[in-house]
Amino acid sequence: MSLESNIWKIKVIYFFSSLFFSAPVAVLFWIANGLSLMEIAILQSVFSITIVILELPTGYFADIYGRKTSLVVGSLANLLATIVYALGHSFLEFLLGEILWAVAVSFFSGAQLALLYDTLKNLGKEKLYKKISGSAMLYSFIAAIISSVAGGFIGKINLRLTFYACIPFFFALIPLSLGLKEPKIRKRIVKGNYAKEFFSTIKTYIINHSGIRAVIIYSAVVVAFTQASLWFYQPYFKLCGVDVMYFGIIFALFNIVAALSSKYAYFIEENVGKWKSVVSLPFLLSLSYFLLGNFVFYFSFTFAFIHQFIRGFSRPVITEYINSLTPSKARATVLSAENMVNRIFYASVLPLIGYLADIYTLPAALLVLGAVTLITGSSAILILRKVNCLNFSS
């Protein structure tokens, strides 16, 4: 079992774990099983809250017991969640499924990218991280495109069948994770009190580390305001007069743009420059919201392609910044902390925008979102510039 094989296995793991055939028909499935929209909202709230609670402890688990072990646990939880959904018929059964999925996401979060980075570091190829992580995320986007289109056809036959279709691929994640080789890292020595060591890690590498803290704040702004638009796309499409039958095609195009920007993130950043890349993301986000809010016509949804470019580009670039500042012994914990902060900030933004859309109009809410993105993004850039943790020279 060679360390080099981790690279292709991680890419396959990204691909298989993103084959959610149920995604395009999940709401229809819940309604068909008697759930109200309020119950559906509760399921998603429990999912998010569970991830926030588990994000840091599972990242710490990966640093102590190994990223491979973390991925195996996550794969098992993912498979169990899907089986629960495939067999379930009630709110409580689906609630159990959501909790198991949150457990899976938490154990995967941070561990995949930490294992990839340390694999490359052991091989002396860490400079290829942005290129290879971007390529891995490309596989994830391709899987999302394939499963979205296929899931719609499968769901037309039988909604429950979309969950059964996921099971063979999610089962395959277990032997794939077991087949990974744990790279050598600087092992931390924990004597006695794991909780004390855990909080010491948080204090040392997040609270007291101005550079990592600044990148996490920047990441939270970019990720939250990129993802905030997701729940407003469909009503916006209707506002533009786009027929519902074209929604799936538009979302497929969104994923293609995100996939390509993820794949070539390393190339774009190397040619544009680190500082220009960092500065441009919040301003491009803000611009896209202003365009969406000010110009509403049949093809104005194309302004949202800017979001998809940023969605694909930002992840490999920002995680590389964090990896470069973090020692291997704390890498999964810090990446999990970044994901947790992203989710908290995202969850705090969504209700405000939804409230504004209900009280005023969706275009007005998008304009406010553009203004808030501009203000918070500028503040995050100033913080990064002040600490100069990334040695901006280009």
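## A walk through the buried interior

Ser140 is buried, with a relative accessible area of 18%. That value falls under the 20% cut-off, so Ser140 counts as buried rather than partly exposed. Before we go further, please keep in mind that this is a predicted model. To find Ser140, look along helix H7, which covers residues 129-157. Setting aside residues up to four places away in sequence, Ser140 touches Tyr14 and Ser18.

Let us turn next to the start of the chain. Helix H1 spans residues 5-17, and Asn6 lies in it. The relative accessible area of Asn6 is 0%, so this residue is buried. Which residues does Asn6 touch, not counting residues up to four places away in sequence? They are Leu115, Thr119, Leu180, Lys181 and Pro183. Of these contacts, Leu180 is worth a look in the viewer: Asn6 and Leu180 are 174 residues apart in sequence, yet their C-alpha atoms are 5.6 Å apart in space.

You can set that pair beside another one, Val242 and Phe91. Here the separation in sequence is 151 residues, and the C-alpha to C-alpha separation in space is 33 Å. Val242 itself sits in the loop between H11 and helix H12, the latter made of residues 247-263. Is this loop residue buried or exposed? Val242 has 6% relative accessibility and therefore counts as buried.

Now for the nonpolar interior. The largest nonpolar core holds 109 residues, and Trp30, Tyr85 and Tyr218 are the ones that touch the most other members. Helix H16, residues 331-359, gives the largest share of this core, with 11 residues. If you centre your view on Trp30, you will find that it touches Leu35, Ile40, Leu43, Gln44, Tyr85, Phe94 and Glu98, again not counting residues up to four places away in sequence. Tyr85 thus appears among the contacts of Trp30 as well as among the core members with the most contacts to other members.

Two threonines offer a good route into another part of the model. Thr226 lies in helix H10, residues 210-227, and is buried, with a relative accessible area of 7%. Leaving aside neighbours within four places in sequence, Thr226 is in contact with Leu285, Tyr289, His307, Ile310 and Arg311. For Ile310, the C-alpha atom is separated by 7.2 Å from that of Thr226, although the two residues are 84 apart along the chain. The second threonine, Thr373, is found in helix H17, residues 362-387. Thr373 is buried too, with a relative accessible area of 1%. Beyond its neighbours within four places in sequence, Thr373 is in contact with Phe225, Pro282, Leu285, Ser286, Tyr289 and Ser378. Leu285 and Tyr289 therefore turn up in the contacts of both threonines.

Tyr289 also leads us to an enclosed space. How many cavities of 30 Å³ or more are there? The count comes to 1, and about 50 Å³ of space lies in the largest cavity. Its lining is made up of Ser229, Phe232, Tyr233, Tyr236, Tyr289, Leu292, Ala304 and Leu366. Helix H11 (233-240) and helix H14 (274-294) each supply at least two residues of that lining. Sorted by class, the lining has 7 nonpolar residues, 1 polar residue and no charged residues. Ser229 is the polar one, because serine is not on the list of residue types that count as nonpolar or charged.

Finally, a word on the cysteines. A disulfide is a covalent bond between the sulfur atoms of two cysteines. How many disulfides does the structure hold? The number is 0. Two cysteines to look at are Cys166, which is buried with a relative accessible area of 1%, and Cys240, which is buried with a relative accessible area of 8%. Both values lie under the 20% cut-off, so each of these cysteines is classed as buried.

Notes
Residues numbered from 1 in each chain as written. Predicted model: local features only at pLDDT ≥ 70, side-chain atom pairs only at ≥ 80, totals over all residues. Heavy atoms only, no water. Helix = DSSP H or I, 4+ residues; strand = E, 2+ residues; numbered from the N terminus. Buried < 20%, exposed > 50% of the residue type's maximum accessible area, 1.4 Å probe, protein only. Contact = heavy atoms within 4.5 Å. 1 Å grid on protein atoms, 1.4 Å probe; cavity = no way out; pocket = protein on both sides within 12 Å on 5 of 7 lines; lining within 4 Å. Points joined across faces, edges and corners; volume = space filled by probe spheres on them. Disulfide = S-S within 2.5 Å. Core = buried A, V, L, I, M, F, W, Y, C linked by side-chain atoms within 4.5 Å.
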